[in-house]
Amino acid sequence: SLYIPAHAVGAAYKITAPLTVSGPLNIIGEHPGYCTIFATGMLANNYILDINLAAATNNYFGLENVTLRSNNGLPDGARLKNVSYLLWDNVQVYGVRDAYSIEGTICFSNTFRNVTAYQISRYGAYFKAFAGGGHYKFDSCTFAGDTGFYVDNTSNITQISIDSCNFEQCVTTSLRVEGTVKGFSINGSRTEGCNGNDFVFIPGGGQIVSRLSITGSFFSSDSAASYPIVLGGYTGAIRGFSFTGNHVENNTANFVLLNGEGESGLIAGNRFETATCTPTNTTRAGVIVFANEN
């Protein structure tokens, strides 16, 4: 373990080049408010913390009670490439382009707990050309940026779980999935203040989103033209979804926009705050809608 003691108020641990990690390591601070790694003068496409090793060689990495921050918003917070059995706990990423990107292959069983992203200009959590692995858990995290949580159209993941997380003031989209995710559950989470659509699932050609569950979540947007959930729009497939027990606060036309794909699923037991909101924009064979309230 690498221990980082608390710094004085108004001070920080300054770096001017990426911190690269060459093997299993735990970096442990005392508190993210008093253990800041402060990147100064770093450039675009740099990473404050860079883990980039060969696949199957980089297991067990921890980051706890630490803030990653830049002085100019150009670098990214962290690259997590070819990492398994990772645990981030009580971490803040502040004033960067992407908070953290998850890349590579043979990457599995990684957990993010109490990870907060603020002043992010592009992506909060970013699955970037992810091509082999799964079992990702995000617990009590905050996502921000132009898009808070993004899976690009070259990624292929098995099982993502998002529990009790907050999507805060995202600009374009709270969550956007363009690649394959086989098993995606969002439970007890919250969106607030997004200027666009909240949860958008638009897999591209040859991609699929399956076993998609969104339950017990709260949706609120700054735009009446936005949709809490969008399914389809490109040429990929969406199969087997369940949206139950959610609350929609904003004055939107539809809770779920069935836009091309979305052929088998359930929309039930949801509460819409305004009487003008309907469960979906259309009826479709294989999609069951009942017991929703406004």
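**Exercise 1. Classify E293 in this predicted model by its relative accessibility, then describe its salt bridge.**

Solution. Step 1: the relative accessibility of E293 is 46%, so E293 counts as partly exposed. The class follows because partly exposed covers values between the limits of 20% and 50%.

Step 2: the side chain of E293 meets that of R271 in a salt bridge, at 3.3 Å from N to O.

Step 3: this pair links distant parts of the chain, since E293 is in the segment after β30 (287–290) and R271 is in strand β28 (residues 271–272), 22 residues apart.

Step 4: R271 has a relative accessibility of 29% and therefore also counts as partly exposed.

Step 5: elsewhere, D76, R97, D98 and R122 are joined into one network by salt bridges that share partners.

**Exercise 2. Determine which parts of the chain the salt bridge between D89 and R113 ties together.**

Solution. Step 1: in the salt bridge of D89 with R113, the closest N and O atoms are 3.1 Å apart.

Step 2: D89 belongs to strand β9 (residues 84–96) and R113 to strand β11 (residues 110–120), so the pair ties together parts that are 24 residues apart in sequence.

Step 3: D89 is buried, at a relative accessible area of 17%, whereas R113, at 32%, counts as partly exposed.

Step 4: the count of salt bridges comes to 10. Another of them joins the side chains of R176 and E178, at 2.6 Å from N to O; E178 counts as buried, with 9% relative accessibility.

**Exercise 3. Describe the surroundings of N166.**

Solution. Step 1: N166 lies in strand β16, which spans residues 166–168.

Step 2: its relative accessible area is 17%, so N166 is buried.

Step 3: with residues up to four places away in sequence not counted, N166 touches C141, T142, F143 and R190.

Step 4: the side chain of N166 also makes a polar contact with the side chain of E168, at 2.9 Å.

**Exercise 4. Characterise the aromatic pair of F143 and F149, and place F149 in the nonpolar core.**

Solution. Step 1: the structure holds 25 aromatic pairs. In the pair of F143 and F149, the centres are 5.5 Å apart and the planes meet at 90°, an edge-to-face arrangement.

Step 2: F143 and F149 are both buried.

Step 3: the largest nonpolar core has 69 residues, and F149 is listed with W88, F138 and F201 as having the most contacts inside it.

Step 4: leaving aside neighbours within four places in sequence, the contacts of F201 include L175, V177, F184 and I186.

Key:
Residues numbered from 1 in each chain as written. Predicted model: local features only at pLDDT ≥ 70, side-chain atom pairs only at ≥ 80, totals over all residues. Heavy atoms only, no water. Core = buried A, V, L, I, M, F, W, Y, C linked by side-chain atoms within 4.5 Å. Buried < 20%, exposed > 50% of the residue type's maximum accessible area, 1.4 Å probe, protein only. Contact = heavy atoms within 4.5 Å. Phe/Tyr/Trp six-rings, centres within 6.5 Å; stacked < 30°, edge-to-face > 60°. Helix = DSSP H or I, 4+ residues; strand = E, 2+ residues; numbered from the N terminus. Polar contact = N/O pair within 3.5 Å; in protein donor to acceptor, adjacent residues only side chain to side chain. Salt bridge = Lys/Arg side-chain N within 4 Å of Asp/Glu carboxyl O.
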